[in-house]
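Here is a friendly round of questions about how the labels on a structure are earned. Have a look at the model, and then we can reason from values to names.

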Amino acid sequence: MQANADVSFAIAKGSIHGLVGENGAGKSTLMSILYGYYNANSGHILLDGQERQIRTSHDAIGLGIGMVHQHFMLVENFTVLDNVMLGTEGGFKLAAQRAATEAKLREICERYRLNVDPLATISELSVGAQQRVEILKQIYRSANILILDEPTAVLTAQETASLFAILRLFKEQGKTIVLITHKLQEIMDITDQVTVMRAGRVVGATGTASTSKEELANMMVGRPIQSELPRAPFKPGQAVLKVAGLQLEDKNKVRLLADIDFTLRAGEIVALAGVSGNGQSELLEILSGMRLPSAGKVEFLGRALPFGKRRDADGLPAAFRALGIAHVPEDRLRDGVIKDFSVMQNTVFGYQDRVTNRWGLFDFKAIAARCAHLLKAFDVRPSDPDIRLGLLSGGNQQKVVIAREVSSKPKLMLVGQPTRGVDIGTIESIHAQLLKLRDEGVAILLVSVELEEVRALADRIIVMSGGRVTGELNIDEFDTTRIGLMMGGMHKK
Amino acid sequence: MKTTELPRWASAFVLPVLNLLSALLVAALVIHLLGENPAESLSILINSAIINPEGLSYTLFYASTFIFTGLSVSVAMKAGLFNIGSEGQMYIGGLGLTLAMLSLDHALPAWALIPCAMIGSALFGAAWAWLPGYLQARRGSHIVVTTIMFNFIAASLMNFLIVKYLIPEGQQNPASRVFATAGEMPRLNEWFPVLGDTPLNVSFLLAIAALVVYGVMVWRSSWGYQLRATGLNPHAAHYAGISISRMIIVAMLISGALAGLASVNSIMGSTHYLSLNFPAGAGFVGIAIALMGRQHPVGIFLSSVLFGALIQGGFDLSLEKPNIPQETFIFIQGLIILFCGAMENFYAPAILKMLNLTGAPQQKG
């Protein structure tokens, strides 16, 4: 299979070059070729006008190419200094080397305002600081071309701003930066040039100043993107879920949820908005049966959910699924799929007892037919049912999860961060699926930290902060500032 | 683009064969150092373990026990549990079998007695695995630690029971009395005289049946799907509504029952009495078999036959070549475990490189 075909593009020295494309468009493969992880079958790489062979990452480092991966390559319980020295420590005696390296690191941090203490331990640093250590590592190894793979995926807004300030400083000092991302606002904010990839090919290359977010989005997806998805008028039906006085304490009696009350009706999407870690995840876990509440009542279609006198939630999600509660978990790789199973096996995950004959053996014919139908209806690519799920891109993995849960014909759909790490084209199709489900009369509870997503999908918004509900509003009252205050716990109705 | 994963045929066949050849190569070197001709030794070994029908039947006799212990370790491994207690479970399974025999062997005919004894062995083996399973599932005690301790407890307990209660009065040999002939597993040479004088018995057929049932249950049933999901990702298994603690306990019960059934071949197929330390390491060999056979029925069968052949061939070889002591074959077993278990993926990068160079048909990546 070709992951990259006839890719040609040029990056100017001392510029910030954006590389955008959907998941699986070949961005990462391309950069892995430049960094020597993969070898191209044909083609040339020219550096400062000279043809170069990059066979291993050693060659790349030697040529001054540095890469900052999405997942950091740091030893957690080492100091920054030790992490930087790892692999470059010369000789048996470390002490003299350490002192010299530390001095050089301090100088680099000073020059580029990286604000990292070389003697701090990695595990004590914030995610943003860890990323700066990765950058520091590359600069220390005298990288002149810095490739950053989705650097802002893990950063808060403030951390992103400070990263961009550092990148601008690099540019001023003559370094070249390649930024891989699918966040178009970032491309507009910081890059000079942008290259768009789709299906392994370059489909556009332009100066950032002469393009727009919409144009880039259309190029990435290959068709115009609808900014407003169609939805039926809001006509909520009967109450599906009634949550009353829900409480949750952890083992150390720390209160995670307090006095949660709300009602969710058929045919509406209620979004739980809030900064990540304010109790939304726990609420979703309780409602899907993965965790038991400490107190409170949850009614589903007029009947109390069977938390009963259970000692733990072991096996409870099966009972909830049988009632018609589907769940798209927030962390799909941890909870939602088995990445070593095939795509087909994953399409029955959680519903494995519904596809057996009376001997408890799988009806493979029916499973295969169902899987083929789902892959087509939800446009999963590649549409090969037998490949390992782990080989699909994040967006396509998520499509498999959504397809599976939607096809279970639920009455209540719990959705956690449905588009985390997913590209624009896929976001659109996932949103369309959820709206279709709403229009069909399913009650949907959405947890999202992306306000854009909340705005695009919700009929009503419940804001949570510190494990409590701090505000509730209808979509026509949407106001970012007001929601921001509620998320900070400032606003109490 | 490069493949980063080996295609299935390479990881399932080429890799194990290369590992096995490496182990044999080192073994050949050792035999050479002992002053014998490795090629000649190998031909003696193959002759006596595989080609000679009587030798082959002995090989399969040993393999019958190993298939059960290999399956025992494999079932647990599929649930993500490293059960190294098959040795103790087999030993205790032998106790269950013996108790059934001692109380029933003069009362029941063979067709009723043999199943009773088998049930006794499976129940006792399962019971011995239940407690470590329960402790893992409900209390988080690590299965490796508990099962290894249970091996020691089983050994001491059996020592006590045999010497104190089971040994017939006036006997010196630490063993139970010999069972009535109704309790003997029918031997296959009754139907196939070509096998010669052999202990190979119906247990072998039962072992094959167990392999088939294992294969169907693990790969074609919803239960096996849940078992594998639990082993691969317990978080996701919980999300899918699988009761993890129940799965752990059930997997251990089955694992223990299979280990217990391994005693049927050893006792009812050969000695017809319970003796001290009768498992003789078969439970530990089961670990090697599960690793080398990758918990796949065909793999378990082939590695069981290989280990059976090493015992049978090694015995004959040491008779013919006095320079090669019997211990050499424990050494070769160790080498095979080293190459096939611990260094399983030793050759994977090289094969990958070759595939990428020759541009052989690649899997999607």
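Q: Which residues bring H2(B) and H3(B) together in this predicted model?
A: From H2(B) come Ser48(B), Ala49(B) and Ile50(B), and they meet Gly55(B), Leu56(B) and Thr59(B) of H3(B). By class, this contact has 3 nonpolar, 3 polar and no charged residues.

Q: Why is H2(B) called roughly perpendicular to H3(B)?
A: The axes of helix H2 (residues 38-51) and helix H3 (residues 53-78) of chain B cross at roughly 75 degrees and come within 5 Å. Angles of 65 to 115 degrees count as roughly perpendicular, so H2(B) and H3(B) earn that description.

Q: How confident is the predictor in chain B, and where does pLDDT stay under 50?
A: Chain B has a mean pLDDT of 90, with 97% of its residues at 70 or more. Over residues 360-365 of chain B, however, pLDDT stays under 50, and the model has 15 contacts beyond four places in sequence for that stretch. As for the model scores, ipTM is 0.84 and pTM is 0.79.

Q: What makes up the contact between chain A and chain B?
A: Chain A gives 30 residues and chain B gives 24 residues. On the chain A side, helix H10 (316-323) and helix H11 (332-336) each supply at least two residues. That side of chain A divides into 15 nonpolar, 8 polar and 7 charged residues.

Q: Which domains does chain A have, and what separates their centres?
A: The domain assignment gives domain 1 (16-221) and domain 2 (239-487) of chain A. Their centres, taken over C-alpha atoms, are 35 Å apart. The two domains do touch: 8 residues of domain 1 and 9 residues of domain 2 take part in the contact. On the domain 1 side, the residues are 4 nonpolar, 3 polar and 1 charged.

Q: What makes E14(A) and E18(A) the edge strands of their sheet?
A: The sheet is open, with 6 strands in the order E14-E15-E16-E11-E17-E18 (chain A) and mixed pairing. Strand E14 (325-328) and strand E18 (468-474) of chain A each pair on one side only, and that is what an edge strand does here. Neighbouring strands in this sheet are turned by 15 degrees against each other on average, with direction ignored.

Q: How do you know that E14(A) and E15(A) are paired?
A: Pairing calls for at least two bridges between two strands. E14(A) and strand E15 (residues 412-416) of chain A have 4 bridges in the parallel sense, so they count as paired. In detail, His327(A) stands opposite Leu414(A) of E15(A).

Q: Which helices pack on this sheet?
A: Helix H15 (residues 424-439) of chain A lies across strand E11 (269-273), E15 and strand E16 (443-448), running at about 150 degrees to E16(A). Angles over 145 degrees count as roughly antiparallel, so H15(A) is roughly antiparallel to E16(A). Helix H17 (residues 480-487) of chain A touches E11, strand E17 (460-465) and E18, and its direction makes about 35 degrees with that of E17(A).

Q: What makes E12(A) and E13(A) a pair?
A: They are joined by 2 bridges and run antiparallel; at least two bridges are needed, so the pair qualifies. Phe300(A) has Arg303(A) of E13(A) as its bridge partner.

Q: Where do E12(A) and E13(A) sit in their sheet?
A: Their open sheet of 4 strands follows the order E10-E9-E12-E13 (chain A), with antiparallel pairing. Its edge strands are E10 and strand E13 (303-304) of chain A. Strand E9 (residues 239-249) and strand E10 (residues 255-265) of chain A pair over 7 bridges, and Ala239(A) has Arg265(A) as its partner in E10(A).

Q: What is found in the loop between H13 and H14 of chain A?
A: This loop, between helix H13 (364-377) and helix H14 (394-406) of chain A, holds Pro382(A). A cis peptide bond joins Arg381(A) and Pro382(A), with omega about -5 degrees. Asp379(A) is in this loop too, and its phi near 55 degrees is a positive value in a residue other than glycine.

Conventions:
Residues are numbered from 1 along each chain as its sequence is written. Chains are lettered from A and ligands numbered from 1 in the order in which they are written. This is a predicted model: local features need pLDDT of at least 70, side-chain atom pairs count only at pLDDT 80 or more; totals for chains, interfaces and linings use all residues. Two residues are in contact if their C-beta atoms, placed from the backbone, lie within 7 Å. Ala, Val, Leu, Ile, Met, Phe, Trp, Tyr, Cys and Pro count as nonpolar, Asp, Glu, Lys and Arg as charged, and the others, Gly among them, as polar. pLDDT is the predictor's confidence in each residue, from 0 to 100. Axes are lines fitted to C-alpha atoms, for helices over the stretch in contact, and angles run from 0 to 180 degrees between N-to-C directions. Angles under 35 degrees count as roughly parallel, over 145 as roughly antiparallel, 65 to 115 as roughly perpendicular and the rest as oblique. Domain bounds come from an automatic or database domain assignment.
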